[in-house]
Amino acid sequence: MNGANVDHLVDLLGRWASGRGPLYLLLAARLRALVDDGVLPPGELLPPDRVLARRLAVGRGTVVAAYELLQREGRVMRRQGSGTRVAELDLPATRTGDGVTANPLLLHILHPPDGVTLLTCAAPDEPPPELAEAYEEAAGRLAGMRDLGYQPVGQPDLREAVAAYYRRRGVPTSAAEIIVTNGAQQALTLLTGLLVSPGDRVLTESPTYPGALEVFRHAAAAIRPVTLDPRETLSPGEPPARRSAPVDLVRAVRERPALLYTVPTASNPTGSVMDGPARRRLAALAAEHDLPVIDDEVSAELCFDGDTPAPLTAYTTGEQVVTIASLSKVVWGGLRVGWIRAPAPLAARLARLRAVHDLGGDVVGQLAAAALLHRLDDIRRDRVRVLRARHDHLCAELRAHLPSWSFEPARGGQTIWVRLPRGDADSFAQVALRHGVAVPPGRSFDPLGGLADRMRLHFLFPEAELSAAVRALAAAWHAYDPTERLPSRPTLVV
């Protein structure tokens with residue numbers, strides 16, 4: 001990068017250091033935004049550490065740490081002798097109708113590639129018939145309604161329906177403890193905006209939901225993977241280098257983190273379910289150290305045994321646990337209705353923050369969601385029956401066509417977590433894409449960019465489509481040469 005280009009990058013960075021927190025996190029946050037928005041295109045050569053540090057009047061270590069963080073996230077690649085470049089995309093760059101480069105992290109969602117089976121997006125694409133019926137019921141309630149429709153805390157009937165839902169699960173809840181959101185992703189964003197400042201430490205499991213990691217990264221948080229259950233160990237024969245190194249939660253909470261994020265029920269990506277004793281230990285630790293915990297229950301209703309475990313807040317009398325959930329997995333992703341269950345004072349603060357963002361969500365969708373919650377048992381039963389059959393089919397196909405791959409069957413949710421016997425999932429994902437299948441590599445699910453030999457597969461498609469996808473993966477595996485690797489930036493994973 002010549003001097004003029006360095007000047008241009010400095011201009012793009014703007015007042016990058018004006019926030020709070022370590023300088024390397026603030027610099028990484030601004031560079032991340034430039035990469036994700038396509039302002040710094042794939043292949044762009046970034047300034048050498050010393051050059052950029054001198055222009056920004058910071059120590060070289062600040063730039064090195066920022067570059068290394070972005071490298072772990074897959075946004076840049078660093079090679080001795082060739083410098084630091086923005087990582088290539090899994091798909092060719094595309095442009096929107098007005099000629100603006102599309103956000104590369106959203107390519108699979110905004111611009112689905114033709115002829116490619118997308119195993120990157122684990123969300124149902126078949127709205128159940130109950131959804132249309134719920135909207136008809138909601139539309140009927142509009143006649144005679146006198147309401148501005150601006151409801152930052154959510155539509156009252158839905159808030160009461162959500163509160164009743166938790167009461168049925170054994171958790172005393174009032175409508176004052178419920179904030180309705182535009183899906184669980186907004187719930188995460190609101191909570192992070194309220195609880196996390198730049199430089200704060202956020203604890204997560206590894207692997208975990210990538211959408212949460214992106215929210216924490218954009219808040220310039222320092223994300224640290226932790227082991228929630230002290231009994232957890234590496235799988236038999238698993239080399240320690242194959243995964244990141246999460247620390248024990250008890251040790252991590254002594255460093256006063258801002259919050260802990262966990263997906264204990266039907267985890268994305270592993271499909272695991274935390275048992276009762278582990279939930280009790282986690283809730284007790286949170287109460288002892290006054291540690292805010294976000295319990296992500298988006299897939300909690302999709303346990304294959306038909307029982308939905310109690311949320312973490314059922315195991316404590318304290319107010320540390322905040323629960324988020326939505327209807328995106330059990331009903332349909334296009335129904336952008338989620339919620340936060342939090343102590344009433346925190347809910348009131350979230351309501352004020354929500355009002356600043358968008359004044360509230362779609363009232364008709366919320367009325368439909370309230371109707372769906374009354375039919376949730378039937379919807380869940382039908383959805384779990386289909387998912388379990390497709391899960392079993394995918395597992396059988398993998399054992400038949402890719403016997404060297406290893407995985408644990410899921411206990412719920414929509415995905416399984418696969419380990420490759422050789423190579424890494426990033427380079428294999430590019431070969432798979434050439435065979436017509438898009439798969440999310442493991443580093444998308446790890447705060448430190450580890451788990452390179454893992455990837456997530458969902459089982460949402462009908463059996464015939466799953467069989468075709470496995471055959472394509474088997475062909476890609478046969479053609480895969482692990483010595484050929486082009487570092488790339490993965491797309492957004494849901």
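The expected span of a helix is 1.5 Å times one less than its number of residues. Keep that rule at hand for the exercises below, which work through a predicted model.

**Exercise 1. Check the length of helix H6 and find which of its residues are buried and which are exposed.**

Step 1. Start with the ends. Helix H6 covers residues 129–140, which is 12 residues. The expected span is 16 Å, and the distance from first C-alpha to last is 17 Å, close to that value.

Step 2. Now sort the residues by accessibility, with buried meaning under 20% relative accessible area and exposed over 50%. Glu130, Leu131, Ala134 and Ala138 of H6 are buried. Viewed down the helix axis, these buried residues fall within an arc of 100 degrees, so they line one face of H6.

Step 3. Turn to the other side of H6, where Pro129, Glu136 and Gly140 are exposed.

Step 4. Look for the cover. Helix H13 (363–374) and helix H14 (376–401) are among the elements that cover the buried residues of H6.

**Exercise 2. Place glutamate 137 in its surroundings.**

Step 1. Glutamate 137 belongs to helix H6. Its relative accessible area is 41%, so glutamate 137 counts as partly exposed.

Step 2. Set aside the neighbours within four places in sequence, and glutamate 137 is in contact with Ala371 and Arg375.

Step 3. Try a distance across the chain: the C-alpha atoms of glutamate 137 and valine 364 are 9.6 Å apart, although their positions lie 227 residues apart along the chain.

**Exercise 3. Describe helix H4 and what packs over it.**

Step 1. Helix H4 runs over residues 60–72 and has 13 residues. It reaches 19 Å from its first C-alpha to its last, close to the expected 18 Å.

Step 2. The buried residues of H4 are Thr62, Val63, Val64, Ala66, Tyr67, Leu69 and Leu70. Their cover includes helix H2 (23–36), strand E1 (45–46), H3, E2 and strand E3 (83–86).

Step 3. Follow the chain out of the helix: just after H4, glycine 74 has a positive phi of about 85 degrees.

**Exercise 4. Which residues have the most contacts inside the largest nonpolar core?**

Step 1. A general tendency helps here: in soluble globular proteins, nonpolar side chains tend to be buried together.

Step 2. The largest nonpolar core holds 65 residues, and Trp405, Phe428, Leu457 and Leu473 have the most contacts inside it. Helix H13 supplies the largest share of this core, eight residues.

Step 3. Zoom in on one of these residues. Not counting residues up to four places away in sequence, leucine 473 touches Leu119, Leu402, Trp405, Phe428, Ala432, Val437, Val439 and Leu457.

Step 4. Another core, of 30 residues, lies apart from the largest one; Tyr209, Val298, Ile340 and Ala351 are among its members.

**Exercise 5. Work through three of the salt bridges and say what each one joins.**

Step 1. The whole structure contains 25 salt bridges. One of them pairs the side chains of arginine 78 and aspartate 49, at 3.3 Å from N to O. Arginine 78 sits in strand E2 (residues 76–79) and aspartate 49 in helix H3 (residues 49–56), so this pair ties together parts 29 residues apart in sequence. Arginine 78 is partly exposed at 23% relative accessibility, whereas aspartate 49 is buried at 10%.

Step 2. Arginine 224 and glutamate 255 also form a salt bridge, at 2.5 Å from N to O. Arginine 224 is in strand E8 (residues 222–227), and glutamate 255 is in the loop between helix H10 (249–253) and strand E10 (259–262), 31 residues away. Arginine 224 is partly exposed at 22%, and glutamate 255 is partly exposed at 37%.

Step 3. Aspartate 426 and arginine 443 meet at 2.5 Å, N to O. Helix H15 (residues 425–434) holds aspartate 426, and the loop between strand E16 (437–438) and strand E17 (454–458) holds arginine 443, so parts 17 residues apart in sequence are tied together. Both aspartate 426 and arginine 443 are buried.

Step 4. Finish with a network: salt bridges with shared partners join Arg32, Asp36, Glu73, Arg75, Glu214 and Arg217.

**Exercise 6. Where does the pLDDT stay under 50?**

Step 1. Begin with the whole protein, which averages a pLDDT of 88, with 89% of the residues scoring at least 70.

Step 2. Over residues 91–106 the pLDDT is below 50, and this stretch has 33 contacts in the model beyond near neighbours in sequence.

Step 3. Residues 230–244 also stay under 50, with 26 contacts in the model beyond four places in sequence.

Definitions and conventions
Residues are numbered from 1 along each chain as its sequence is written. This is a predicted model: local features need pLDDT of at least 70, side-chain atom pairs count only at pLDDT 80 or more; totals for chains, interfaces and linings use all residues. Side-chain values use heavy atoms; hydrogens and water are left out. Helices (H or I, at least four residues) and strands (E, at least two) are DSSP runs, numbered from the N terminus. Buried means under 20% relative accessible area, exposed over 50%, partly exposed in between (1.4 Å probe, protein chains only). The arc is that of the directions from the helix axis to the C-beta atoms. Contact means heavy atoms within 4.5 Å. A nonpolar core is a set of buried Ala, Val, Leu, Ile, Met, Phe, Trp, Tyr and Cys residues joined through side-chain atoms within 4.5 Å. pLDDT is the predictor's confidence in each residue, from 0 to 100. A salt bridge is a side-chain nitrogen of Lys or Arg within 4 Å of a carboxyl oxygen of Asp or Glu.
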